[in-house]
Amino acid sequence: MTPLAEVANRNHKQASKQGLSAMMRVIISLVIILAIWKSIVVVFDMPSFILPAPEAVFIKLFERHDVLLKHTWVTSQEILLGLLLGLSMGLFFALQMLLFQPVKRWLLPILITSQAIPVFALAPILMLWLGYGIAPKLSWQH
């Protein structure tokens, strides 16, 4: 076997060991989280409307998968549209500030101030102004 082949073989074995150990850490972590969740439900006799048992959640996931898929599709569209809008506006304003100094002097303080205001503070105001639907969700993208 050539030295290059030996190094490649050794690297492959190390990578597969690391991949297996990483996968085992994920599985063990999930089992621990589910065990803690189930223990809390049983020990504290939690009502299902406050904290349902893990198996009840998984059963509902399978029973209502059609509704979840429908809402997942809508949410994915909103995420992609918001990302596209945010990227395009960010690129537009960045280019304007890069090319025109007067625009930079006017826009930079406004943009810095807008980053200091938490989205959670603006959300109720935007809901009142824009109503429900896609418009207020897209206006929060910054």
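# Close-up views of a six-helix model

**View 1. Glu 55 and Lys 38 pair up in a salt bridge.** Glu 55 counts as partly exposed because its relative accessibility is 39% (buried means under 20% relative accessible area, exposed over 50%, and partly exposed in between, with a 1.4 Å probe and protein chains only). What you see here is a predicted model, in which local features need pLDDT of at least 70 and side-chain atom pairs count only at pLDDT 80 or more, while totals for chains, interfaces and linings use all residues. Residues are numbered from 1 along each chain as its sequence is written, and side-chain values use heavy atoms, with hydrogens and water left out. The side chain of Glu 55 meets that of Lys 38 at 2.7 Å, N to O (a salt bridge is a side-chain nitrogen of Lys or Arg within 4 Å of a carboxyl oxygen of Asp or Glu). This pair links distant parts of the chain, with Glu 55 in helix H2, Lys 38 in helix H1, and their positions 17 residues apart (helices are DSSP runs of H or I with at least four residues, strands are runs of E with at least two, and both are numbered from the N terminus). Lys 38 has 30% relative accessibility, so it counts as partly exposed too. Side chains of opposite charge can pair when their charged atoms come close.

**View 2. Lys 60 and Glu 63 form a salt bridge within helix H2.** Their closest N and O atoms are 3.4 Å apart. The two residues sit three positions apart, about one turn of the helix. Glu 63 counts as partly exposed because its relative accessibility is 47%. How many salt bridges does a search of the whole structure find? It finds two.

**View 3. Asp 45 has a positive phi.** Find Asp 45 in the loop between helix H1 (3-43) and helix H2 (54-63). Its phi is about 50 degrees, although Asp 45 is not a glycine. Is Asp 45 buried or exposed? At 64% relative accessibility, it counts as exposed.

**View 4. Helices H2 and H3 cross at roughly 75 degrees.** Their axes come within 5 Å (axes are lines fitted to C-alpha atoms, for helices over the stretch in contact, and angles run from 0 to 180 degrees between N-to-C directions). H2 is therefore roughly perpendicular to H3 (angles under 35 degrees count as roughly parallel, over 145 as roughly antiparallel, 65 to 115 as roughly perpendicular, and the rest as oblique). Leu 61, Phe 62 and Glu 63 in H2 meet His 65, Asp 66 and Leu 68 in H3 (contact means heavy atoms within 4.5 Å).

**View 5. Helix H3 packs against helix H4 at about 135 degrees.** Helix H3 (residues 65-99) has 35 residues and reaches 50 Å from its first C-alpha to its last, close to the 51 Å expected at 1.5 Å a residue (the expected span is 1.5 Å times one less than the number of residues). Its buried residues are Glu 78, Gly 82 and Met 97. The axes of H3 and H4 (residues 101-116) lie 6 Å apart, and the two helices are oblique to each other. In H3, Phe 93, Gln 96, Met 97 and Leu 99 meet residues of H4 including Leu 107, Leu 108 and Leu 111.
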